[in-house]
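Here's a walk through the sheets, helix contacts and hollow spaces of one model. Keep the viewer open as you read.

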Amino acid sequence: MSHVHIIGAGLAGLSAAVEAVQLGHSVSVYEGAAQAGGRCRSYEDSHLGQIIDNGNHLVLSGNTSVKRYCDAISADGFHIVETARFPFCDIKSGARWAIDINEGRFPSWVFSAGRRAPGTTALDYLPGLKMLFADQRAVIADLLDQASPAYTQFWEPLILAVLNTPLDQAAASLMRPVFTETLMKGGVHCRPMIAHHSLAEALIDPALAYLKSYGAQVHFGCRVAGLIVDGAVTAISLPGDTRTLGIGDSVVVAVPSWQAQKLVPDVNPPGAGEGILNIHYAFQSGVKEPEFLGLVSSLTQWVFVRPDMASVTVSAAGRALAEQPDVLAARCWAEIAGAYGWAAEPLPPYRVIKEKRATFDQSPDGLKRRSGPETSIPNLFLAGDWTATGLPATIEGAIRSGARAVAALSAP
C-alpha cells in the first residue's frame, strides 16, 4: 500500500487518516495548529478552570458516518437522549413545548397537538416536502410561510442550527439529506447525541490514539506552505523542510475552503459563510446528564447544559459578533437564566467565542462551487465539509468527506 499525506487534522483529516490506515495505507498528518480537532477542538480554559469546546455541536443518531467513525476508533463519548424530543421555550411569552418525534417512519407526531409546536396544525409541516424537490437555485424562505407559527417555532430554529445561514439566503436543497437520513426515518434516527464531557474526548482524542496504534505520524505546528507539482504532487513544502513523495503516494487536502484554495490553485471553492457565537458559563447546573433547550424570541438559540457548565449557541450570528463580550454574556445569561429559573445575578464566569468564518457559504451560489474529492492532479484529493458531500457543513459531512477522499485515492 502507498503512503497518504493528509493536510489538516480537523474531523475531515482525521476521518481520512482513520479510513486510510484501515485500508492498509501508511499515514502522515500535518496540522498547522498545536492541536487536532479544527472547529471541534476542545481546550482547557484557565479563566473558567474547565475544558471547553470551541463550539457546541449536536449529532443525531441517524448520522451514519459519525457512528461508523466512532465504532472504528472505539469512541463512546456521547450521551444519547432516549427519545427524539426537542424542548423549546419562548422567552417573551414563557410558553414551553417540545417537538416530540415518534419512533417509526410515519410522522404521527405532526397529527398530535401535544407533540408539535403550539398553534400549529399538521398542514404547517407539509412545506418541508418542498425542500425534498428543491433545485439548487431555491432558498428556504421562498418555500415557507413566514407568517405561520411553525416558521418561528420549528422551521427557523431547526434550519438555522443546521445551515448556519439566514433562511432568505440558505440553499433549500441542503435540507434534503437532513430529512431523508434522519427525520423521514423516524425518531429512532433523530435522537440527539451530546458529548458527555467534550468533543475532544468524544471524537478527537480516541482518533489520535487509534492512529498512533497503527504507526501514523501526526505533526502539530506544521503548517504546509505549498505543494510541489510536476504532473503529480512530488513534494510537500513545510517550514524549513520538504517532504518528498514516493511513487504511488497521495495527498489529501483537508482544510477549510479558503485555505484549500491557497494550496490547490485550480480549485474555486465556496467562500466563508456566516459566523457563530458561543458563550460558555462556569455554572453548577445540577443536571446529571447533558441536556439542551431551544429558545425563541431571544438572541440565544440553543443552550447546552452539563453538570458544571451552561453553553449558548447563536448561529448566523451576524451583527451580534460586533457586540462587546460582556454585553453578549450578560444578555444571553439573562435569557437562559429566565428559561431555567436560575438567578440572573451574579453573572457566572464566562468565555465568549466568536467564530467569524464558522462554515462555508451555504447559499445557492456557494453550492455551485463545491468540489468532489478528485482534482486535476492525479494524486491530489480534497476533503472537508465544504466539498460535494451533498450534506450541509456538519460533523457528519466532515467525517463523510474524509472517507470519500480515501475511497477516491484507493480506487483502481
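Let's start with a small open sheet: three strands in the order β5-β9-β6, paired antiparallel. Its edge strands are β5 and β6 (78-80), and each of them pairs on one side only. Helices and strands here are DSSP runs (helices are H or I with at least four residues, strands are E with at least two), numbered from the N terminus. Two strands count as paired if DSSP finds at least two bridges between them. β6 and β9 clear that with 3 bridges, running antiparallel, and I80 has M193 in β9 as its bridge partner.

Before going further, note that this is a predicted model, where local features need pLDDT of at least 70, side-chain atom pairs count only at pLDDT 80 or more, and totals for chains, interfaces and linings use all residues. Residues are numbered from 1 along each chain as its sequence is written, and side-chain values use heavy atoms, with hydrogens and water left out.

**More strands**

A second open sheet of 3 strands runs β11-β12-β13, again with antiparallel pairing. β11 (226-230) and β13 (241-244) sit at the edges with a single partner strand each, so one side of each has no neighbour in the sheet. On average, neighbouring strands in this sheet are turned by 25 degrees against each other, ignoring direction. Strand β12 (residues 232-238) pairs with β13 over 4 bridges in the antiparallel sense, and L238 stands opposite D241 in β13.

Then there's the hairpin of β3 and β4. Strand β3 (residues 42-45) and strand β4 (residues 50-53) are antiparallel and joined by 4 bridges; E44 has I51 in β4 as its bridge partner. The hairpin has 4 residues between its strands, and G49 takes a positive phi near 70 degrees.

**Helix contacts**

Two helix pairs are worth a look. Axes are lines fitted to C-alpha atoms, for helices over the stretch in contact, and angles run from 0 to 180 degrees between N-to-C directions.

Helix α1 (residues 11-22) packs on helix α6 (residues 199-213) at an angle of about 35 degrees, with the axes 10 Å apart. α1 passes α6 in a left-handed crossing, meaning that the near helix is turned anticlockwise from the far one by less than a right angle. On the α1 side the contact (heavy atoms within 4.5 Å) uses L11, L14, A17, V18, V21 and Q22, and α6 answers with L203, I204, A207, L208, Y210 and L211. By class that's 11 nonpolar, 1 polar and no charged residues. For the classes, Ala, Val, Leu, Ile, Met, Phe, Trp, Tyr, Cys and Pro are nonpolar, Asp, Glu, Lys and Arg are charged, and the others, Gly among them, are polar.

What about helix α2 (residues 64-72) and helix α10 (residues 395-410)? Their axes come within 8 Å and cross at roughly 65 degrees, and this crossing is left-handed too. T64, S65, V66, R68 and Y69 in α2 meet I395, E396, I399, R400 and A403 in α10. The mix here is 5 nonpolar, 2 polar and 3 charged.

**Hollow spaces**

On a 1 Å grid over the protein atoms alone, a cavity is a set of points where a 1.4 Å probe fits but cannot get out, while a pocket is an open set with protein on both sides within 12 Å along at least five of seven lines; lining residues have an atom within 4 Å of a point. Grid points are joined across faces, edges and corners, and a volume is the space filled by probe spheres set on the points. The whole structure has 2 cavities of 30 Å³ or more.

| Space | Volume | Lining by class |
|---|---|---|
| Largest pocket | about 1000 Å³ | 21 nonpolar, 13 polar, 9 charged residues |
| Largest cavity | about 850 Å³ | 25 nonpolar, 9 polar, 3 charged residues |
| Second largest cavity | about 50 Å³ | 4 nonpolar, 2 polar, 2 charged residues |

Of the 43 residues lining the largest pocket, G38, R39, V255, P256 and Q259 lie nearest its centre. α7 gives the largest share of that lining, with 5 residues.

The largest cavity has 37 lining residues, with L58, L60, L158, A161 and V162 nearest its centre. Here the largest share, 5 residues, comes from α4.

The second largest cavity is lined by D53, N56, H57, I194, A195, L199, F304 and R306. β9 (192-195) and β17 each supply at least two of these lining residues.
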